Amino acid sequence: TLSQSHKFWETQPVGQFKDLRDTSLREGPIESPTPLSEVKQEPYNLPNLYEWVTCDMDSEETCAEVYNLLSNNYVEDDENMFRFNYSKEFLRWALHPPGYYKSWHIGVRVKSSKKLVAFITGIPARIRVRSDVVSMAEVNFLCVHKKLRSKRLAPVMIKEVTRRVHLENIWQAAYTAGVVLPTPITSCQYWHRSLNPKKLIDVGFSRLGPRMTMSRTMKLFKLPDSTVTPGFRKMELRDVPAVTRLLRTYMMQFVVAPDLDELDVEHWILPKEDVIDSYVVESPETHKLTDFCSFYTLPSSILGHPTHSTLKAAYSYYNVSTKTPLLQLMNDALIVAKQKDFDVFNALDVMHNETFLKELKYGPGDGKLHYYLYNYRLKHILRPSELGLVLL
Ligand SMILES: CCCCCCCCCCCCCC(=O)CSCCNC(=O)CCNC(=O)[C@H](O)C(C)(C)COP(=O)(O)OP(=O)(O)OC[C@H]1O[C@@H](n2cnc3c(N)ncnc32)[C@H](O)[C@@H]1OP(=O)(O)O
Ligand SMILES: CN(C)Cc1n[nH]c2ccc(-c3ccc(F)cc3OCCn3ccnc3)cc12
């Protein structure tokens, strides 16, 4: 990375590795906005065989094409044993937040066959950086078909989504990646809590510990059949105002965090079957909400296993504890995830997560998730505990 050349990223308004020691550089936007009349009006050129297409995720047919492209060509773990398998319902949830732009859901088709071979998306988000609330695009689902890799298609995809975001007068973006690019604002470790250890060992996700038997391992990860916190219940629509107040107050402590209003909370946190689960703690005495936890459903395909095809994984999303200890709240989250037949519960070491990871028997994952801002410089790299943002 530091020695590597980044022919595309060196041309972009992002923190460059060579700038890291230049303390004269100010925190904030790197480039000023361009007058809209000067933003390139027409799409970037693609190689001749290909054409741009805007993907309408409300179209069952288009959503299925996007699902299939990602299901066969999206992110795999380092050992190529698992591949994310975002569901169609999840993709519609992820791409249709309040104020979304269809034009930011960008595909590339083969002109002759109309086959979808690449995809990239943006969604609008208000992200606070210290005391600065910035309108940004959250960029995600960048995917080039396995057969078209290493042809420099990704930079064209990135420039095109940048152009379309600029057309909406937005000049910053946030994104994450498992790869190191110029330049991470923080690098988070991911952790896994076994819920179905036998299956995880059968498929090679986990290994039997030294001097451990399978039955000893199953006992180690066993959880109670029901939650322990009085007043712990599924979130409902009527909880949105109180959950929004809890979340906005809690988020103020982090350097980078989403600025979510009630409409955002209704979209991002209200339970949706097989997509997002959220629970609140309603005090039995006062009936006030004191805490909430949430996790999203993102299965991974198990590549080439004879009997198991899918790993059912829950990912910790936003959790706020003001009365129930976070440890107890997150243990209840594990208990409901086990009740819902998840195989594993994943979490990043962001926010206050490192206070419960080891105690709740999470094991460290084999890689890192790096966070990036586009056209916004931070003077110092952040600690994961200073980050309050979780991208899907
Ligand atoms: C103001 C608004 C701004 C909006 C835009 C903000 C920025 C948004 C940025 C996007 C955020 C996405 C976030 C997101 O979706 C979450 S990260 C998940 C990305 N997707 C995957 O890993 C799926 C499987 N892999 C692929 O489909 C391909 O390998 C991809 C398409 C990843 C690269 O295709 P390829 O055929 O393997 O490679 P070439 O076309 O030959 O291109 C090579 C160039 O691409 C750079 N590269 C590689 N992986 C990258 C990645 N994950 N981010 C950014 N850049 C990435 C690489 O460093 C090199 O540039 P360099 O020579 O300078 O080093
Ligand atoms: C965030 N969002 C942008 C998707 C994304 N892109 N790149 C990634 C690299 C790691 C993680 C990640 C995040 C949290 C976590 F607990 C485990 C993870 O990956 C395990 C390795 N793996 C990859 C595929 N199947 C298993 C997500 C992502």
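Let me begin with R149, where a polar side-chain atom lies 3.4 Å from an oxygen atom of ligand 1; I should say at once that what we are looking at is a predicted model.

Two further contacts to ligand 1 go through the backbone: an oxygen atom of the ligand is 2.9 Å from a polar backbone atom of F8, and a backbone N or O atom of A154 lies 2.8 Å from an oxygen atom of ligand 1. Taken alone, ligand 1 exposes 1,200 Å², and the protein buries 88% of that. Two or more residues of the shell come from each of β6 (132-144), α3 (153-166) and β7 (172-177), and α3 gives the largest share, seven residues. Altogether 32 residues surround ligand 1, with H6, W9, L142, S150 and A154 the closest, and by class the shell has 20 nonpolar, eight polar and four charged residues.

Turning to ligand 2, which residues are the closest to it? They are F84, T176, Y190, N346 and L392, out of 16 that surround this ligand. L392 also offers a polar backbone atom, which is 2.9 Å from a nitrogen atom of ligand 2. On its own this ligand exposes 580 Å², of which the protein buries 90%, and its shell divides into nine nonpolar, five polar and two charged residues.

Now to the salt bridges, of which the count comes to 26. The side chains of K114 and E51 meet in one of them, at 2.8 Å from N to O. Because K114 lies in the loop between β4 (105-110) and β5 (116-129), while E51 is in strand β2 (residues 50-54), the pair ties together parts that are 63 residues apart in sequence. K114 is partly exposed at 41% relative accessibility, and E51 is partly exposed as well, with a relative accessible area of 23%.

In another salt bridge, R83 and E76 meet through their side chains at 2.9 Å, N to O; here R83 counts as buried at 11% relative accessibility, and E76 counts as buried at 18%.

A further pair, E89 and R92, is joined at 3.0 Å, N to O, and why are these two separated by about one helical turn? Because they are three residues apart in helix α2 (residues 88-95). Within that pair, E89 is partly exposed at 47% relative accessibility, whereas R92, at 18%, counts as buried.

Finally, I would point you to R126, R248, D259, D261 and D264, which are linked in a network of salt bridges.

Note on methods:
Residues numbered from 1 in each chain as written. Chains lettered and ligands numbered in written order. Predicted model: local features only at pLDDT ≥ 70, side-chain atom pairs only at ≥ 80, totals over all residues. Heavy atoms only, no water. Near = heavy atom within 4 Å. Polar contact = N/O pair within 3.5 Å; in protein donor to acceptor, adjacent residues only side chain to side chain. Areas by Shrake-Rupley, 256 points an atom, 1.4 Å probe, with all protein chains shown as cover. Helix = DSSP H or I, 4+ residues; strand = E, 2+ residues; numbered from the N terminus. Nonpolar A, V, L, I, M, F, W, Y, C, P; charged D, E, K, R; others polar. Salt bridge = Lys/Arg side-chain N within 4 Å of Asp/Glu carboxyl O. Buried < 20%, exposed > 50% of the residue type's maximum accessible area, 1.4 Å probe, protein only.
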